[in-house]
Amino acid sequence: MTQTHTDYRLSQLDQLEAESIHIFREVAAEFEKPVLMFSGGKDSIVMMRLAEKAFYPAKIPFPVLQVDTGYDFPEVLSTRDNWVNRLGVRLIVASVEDAIRDGIVIDDGKTSRNRLQIGTLLNALEEGGFTAAFGGGRRDEEKARAKERVYSHRDEFGQWDPKMQRPELWSLYNGRLHEGEHMRIFPISNWTELDIWDYIGREGIEIPTIYFSHQRRVFKRDGMLLSESEHNPLRSGETVEERTIRFRTVGDLTLTGCVESTASTIDEIIDEVAVARVTERGATRGDDRFSEAAMEDRKKEGYF
Amino acid sequence: MATVKSEQMDLLRFATAGSVDDGKSTLIGRLLLDSKSIFEDQLEAVEATSQSKGYDYTDLALLTDGLRSEREQGITIDVAYRYFATPTRKFIIADTPGHVQYTRNMVTGASTADLGLVLVDARQGLTEQSRRHAVILSLLRVPHLVLAVNKMDLVNFSEEVYEKIHAEFAAFATKLNIPDLEVIPISALQGDNVVNRSENMPWYSGPTLMHHLEHVHVASDRDLVDVRFPVQYVVRPKSDEHHDYRGYGGMVAGGVLKPGDEVVVLPSGMTSKIAAIDLFDREITEAFPPMSVTVRLEDDVDVSRGDMIARVRNAPKPSQDIDAMICWMTNEPLRPRQKLAIKHTTRSARALVKDIQYRLDVNTLHRDQETKELGVNEIGRVQLRTTVPLLCDPYSKNRTTGSFILIDEATGVTVGAGMINSGS
Ligand SMILES: Nc1nc2c(ncn2[C@@H]2O[C@H](COP(=O)(O)OP(=O)(O)OP(=O)(O)O)[C@@H](O)[C@H]2O)c(=O)[nH]1
Ligand SMILES: [Mg+2]
């Protein structure tokens, strides 16, 4: 038994947790086939934790879906496996490589793996017959995400129409769908990057080691530090050197940059995030840097 | 920025409101900028866009107007959620559109707000849209209201202009339910009285907007007396380890629940005692709003999603005849005899529109009883009959058990927001 709350106040982090658990339960109760999109990054790990809490001591009543770009960090895949095994949930891996081989998406050599994920994901959702897909998007990440509802309706083509979003009042979510449509659900919409770190610290949960400071062989491209890798062939003029770095986001390793950092504990990361002057995506995501509306365009097509 | 861990901070949700172009998005941009919550790459992007559009100032509204069509048209279309924190408080801002066509999105942003921030353009004073939004905020029972008289730079920071708008609004507000009102003269564009005190308005001695947001008292806005626990999800592990476990997951909507409490399950009316309250793998001694917990009962009574746990001598009366204020949000008008889907707490049912008693004129607050329908963005008092009883309270007593949404059964779209006056 814990202490009594004499003033009945709930800290903002506890309020966020309660709101997210409410969303998980609502979806589990109202949708026929939900699935949790798990990238292995810190946001989807927090989602897993919240889902674990929402249904405890029962198991999470839906499977977990990961889109494997083929360019994922091995550290992230091993964390994913640990989580899935500990919670005893079913893991579905949708592979971009397979999707290319099966002609579901077309690799023209110019399109990034990140973009090829869209077709792969939509195909996996359709094949599995999933009607609701939980995503770890946060509204503080990016200005198009800041506009999205918790229940985000997708048409038969998986597309988001930002000008036609359903009103979303109080905590009364509307999960109505027509045949072929599905809902993206964002249970951690209202969390900020700092909240995520505070929560990971408080819960003491496992995240991929690449979030912590380590030595890595990196090179500079378009102002970002990228990891040396067989998937990242060097272009002329690029040179590799060893630096002390960490990752602020995890994704496709050909596009996800790292930052120089000596933060090797959660507390040190929190101190770093609290004074950061650049957004996590601005600092480290090649996919968002192409245009002002890069995220909105990808979301309309069916991105996470 | 944050020096206290977010774990100890409290939370204030606020929503902007007011006519198109009154400066809502600019104000939010200013608030974020002056509280140092804007990242360098975000500001650079906004400066570059402002420059390429040929503006001679940085258009701070671009910080929240995140959609392509919003930036093209220079207006807000849908709510943007933004976040910032001071050492003691985290703020969730809903920056809503002023355009009348997008009122439904304003209602979306305001429905969960603790505080409504209504802007008016000092040159224009109150408009129909500012009145409409004030009426909506009062119907939604947003407990705190700030009227920000904006663009003071364009009226020479005139005290007279401020006083006139203040008086006009105060007169209008007496007819509404607004428990707490603050009126602040600002310039969102230049930053006067937003975070920093204005040197241009020495005659104003009240708080800056930021000071007010940081100090307004919100903890007492919840109902801690009347126990209301809508059952959301039945937790049954069906594992060897937890073979007999049966818990009821939900979010506390009112009151304080404790193990040992005698409770009644509605609508069946069966009584039992709370055996334990679980928060993940811990048993806790008390649960209060807005905690998400799992409640276990001593007896094996039949409880399912849509039921409600309350106290034996303090429970809502199940009712199928609902009298409510409805904010209508779609082009096809609401008419008597219409059938709709209704969602109330964790209960879904169908509802028949029995009568539209009146339409509220948002300018005069006159009740038009001649009306035969409610058009888009109109508000009126409506009688509904539902297929199953709702376990409801007046919205004035509880914002969770007093609210519902109406859904068009053909399109699946949310078309109405309801605030219950009473059930019978
Ligand atoms: N001079 C002056 N101009 C302002 C001030 N605040 C806003 N503006 C200008 O007013 C115009 C409209 O501002 P917005 O912030 O987009 O207005 P809004 O209320 O968000 O509009 P909608 O969201 O479309 O309803 C912009 O050109 C702003 O630069 C102010 O305090 N002084
Ligand atoms: Mg705006």
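A residue counts as buried when its relative accessible area is under 20%. By that cut-off Cys327(B), with a relative accessible area of 5%, is buried in this predicted model. Cys258(A), at 5% relative accessibility, counts as buried too.

As for sulfur chemistry, there's not much to report: a search over all chains of the whole structure turns up 0 disulfides. Cys327(B) fits that picture, being in no disulfide, and the nearest cysteine sulfur, that of Cys392(B), sits 19 Å away. A disulfide needs the two sulfur atoms within 2.5 Å, so a gap of 19 Å rules out that pairing for Cys327(B).

Next, the metal. The magnesium ion (ligand 2) takes its protein donors from chain B: OG of Ser25(B) and OG1 of Thr76(B), lying 2.0 Å from the ion. Ser25(B) belongs to helix H1 (residues 24-34) of chain B, while Thr76(B) is in the loop between helix H3 (68-73) and strand S2 (80-85), so the pair ties together parts that are 51 residues apart in sequence. Both Ser25(B) and Thr76(B) are buried.

Over in chain A, helix H5 covers residues 113-128, which makes 16 residues. From first C-alpha to last, H5(A) reaches 22 Å, close to the 22 Å expected at 1.5 Å a residue. Plenty of its residues are tucked away: the buried ones include Leu116(A), Ile118(A), Leu121(A), Leu122(A) and Leu125(A), along with Arg113(A), Asn114(A) and Gln117(A). In an α-helix there are 3.6 residues a turn, so residues three or four places apart point the same way. Gly128(A) in H5(A) is also buried, and the helix is followed by Gly129(A), which has a positive phi near 65°.

Terms used: Residues numbered from 1 in each chain as written. Chains lettered and ligands numbered in written order. Predicted model: local features only at pLDDT ≥ 70, side-chain atom pairs only at ≥ 80, totals over all residues. Heavy atoms only, no water. Donors = N, O, S within 2.8 Å, 3.2 Å for Na, K, Ca; no water. Helix = DSSP H or I, 4+ residues; strand = E, 2+ residues; numbered from the N terminus. Buried < 20%, exposed > 50% of the residue type's maximum accessible area, 1.4 Å probe, protein only. Expected span 1.5 Å × (residues − 1).
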